[in-house]
Amino acid sequence: MIAVQAECDGCIAYHARGAARKGATPEQVAEALGVALLMMGGPATTWAPRAWQAYQEYLADQPAQG
């Protein structure tokens, strides 16, 4: 996720909310964050968990599908 690379809380919130709204699965988000960790190294170990937490919070706010 580019928001992780940018180290921007506002960007992380925007994209995490969008991912949750568009139906991105936890596995898809985890894979994207894994790529960010591989590409960014150390700084991503701070920002990727923030992105994961934001996604989880927005996901919990989504209405149940089905």
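**Reading the labels on this model**

Colleague: What makes E7 count as partly exposed?

Modeller: In this predicted model, E7 has a relative accessibility of 37%, and because partly exposed covers the values between the 20% limit for buried and the 50% limit for exposed, E7 falls into that middle class. E7 is found in the loop between α1 (2–6) and α2, and it has a positive phi of about 55 degrees although it is not a glycine.

Colleague: Which residues is M40 in contact with, leaving aside its neighbours within four places in sequence?

Modeller: M40, which is found in helix α3, is in contact with V4, Q5 and that same E7, where contact asks for heavy atoms within 4.5 Å. By comparison of another kind, the C-alpha atoms of M40 and A19 are separated by 21 Å, with their places 21 residues apart along the chain.

Colleague: Why is the pair of W52 and Y55 called tilted?

Modeller: The structure holds one aromatic pair. The ring centres of W52 and Y55 are 5.9 Å apart and the planes stand at 45 degrees; the centres are therefore within the 6.5 Å limit for a pair, and the angle is neither under 30 degrees, as stacked would need, nor over 60, as edge-to-face would need, so the pair is tilted. Both residues lie in helix α4 (residues 44–61), three residues apart, which is about one turn of the helix.

Colleague: Is Y55 buried or exposed, and how do you know?

Modeller: Y55 has a relative accessibility of 1%, and because buried means under 20%, Y55 counts as buried. W52 has a relative accessible area of 30% and is partly exposed, so the two rings of the pair belong to separate classes.

Colleague: What lies over the face of W47?

Modeller: R50 lies there, at 4.1 Å from the ring centre, which is within the 6 Å limit that applies to a charge over a ring.

Colleague: How do you know whether α3 and α4 are roughly parallel or antiparallel to each other?

Modeller: Helix α3 (residues 26–40) and α4 pack at an angle of about 165 degrees, with their axes 9 Å apart; because an angle over 145 degrees counts as roughly antiparallel, α3 and α4 are given that label. The contact includes L33, L37 and M40 of α3 together with A48, W52 and Y55 of α4, and α3 passes α4 in a right-handed crossing.

Colleague: Why are α2 and α4 called oblique to each other?

Modeller: The axes of helix α2 (residues 9–21) and α4 come within 8 Å and cross at roughly 40 degrees. Because roughly parallel needs an angle under 35 degrees and roughly perpendicular runs from 65 to 115, the pair is oblique. The crossing of α2 past α4 is right-handed, and the residues that meet include I12, A16 and R17 in α2 and W47, R50 and Y55 in α4.

Colleague: What makes P63 count as exposed?

Modeller: P63, whose place is in the segment after α4, has a relative accessibility of 63%, and because exposed means over 50%, P63 meets that limit. P63 and R21 are 42 residues apart in sequence and 9.6 Å apart in space, C-alpha to C-alpha.

Colleague: And what makes V35 count as partly exposed?

Modeller: V35, in helix α3, has a relative accessibility of 42%; because that value lies between 20% and 50%, V35 counts as partly exposed.

Conventions. Residues numbered from 1 in each chain as written. Predicted model: local features only at pLDDT ≥ 70, side-chain atom pairs only at ≥ 80, totals over all residues. Heavy atoms only, no water. Phe/Tyr/Trp six-rings, centres within 6.5 Å; stacked < 30°, edge-to-face > 60°. Helix = DSSP H or I, 4+ residues; strand = E, 2+ residues; numbered from the N terminus. Buried < 20%, exposed > 50% of the residue type's maximum accessible area, 1.4 Å probe, protein only. Lys NZ or Arg CZ within 6 Å of the ring centre and 35° of its normal. Axes fitted to C-alpha atoms, helices over the stretch in contact; angles between N-to-C directions. Left-handed = near helix turned anticlockwise from the far one by under 90°.
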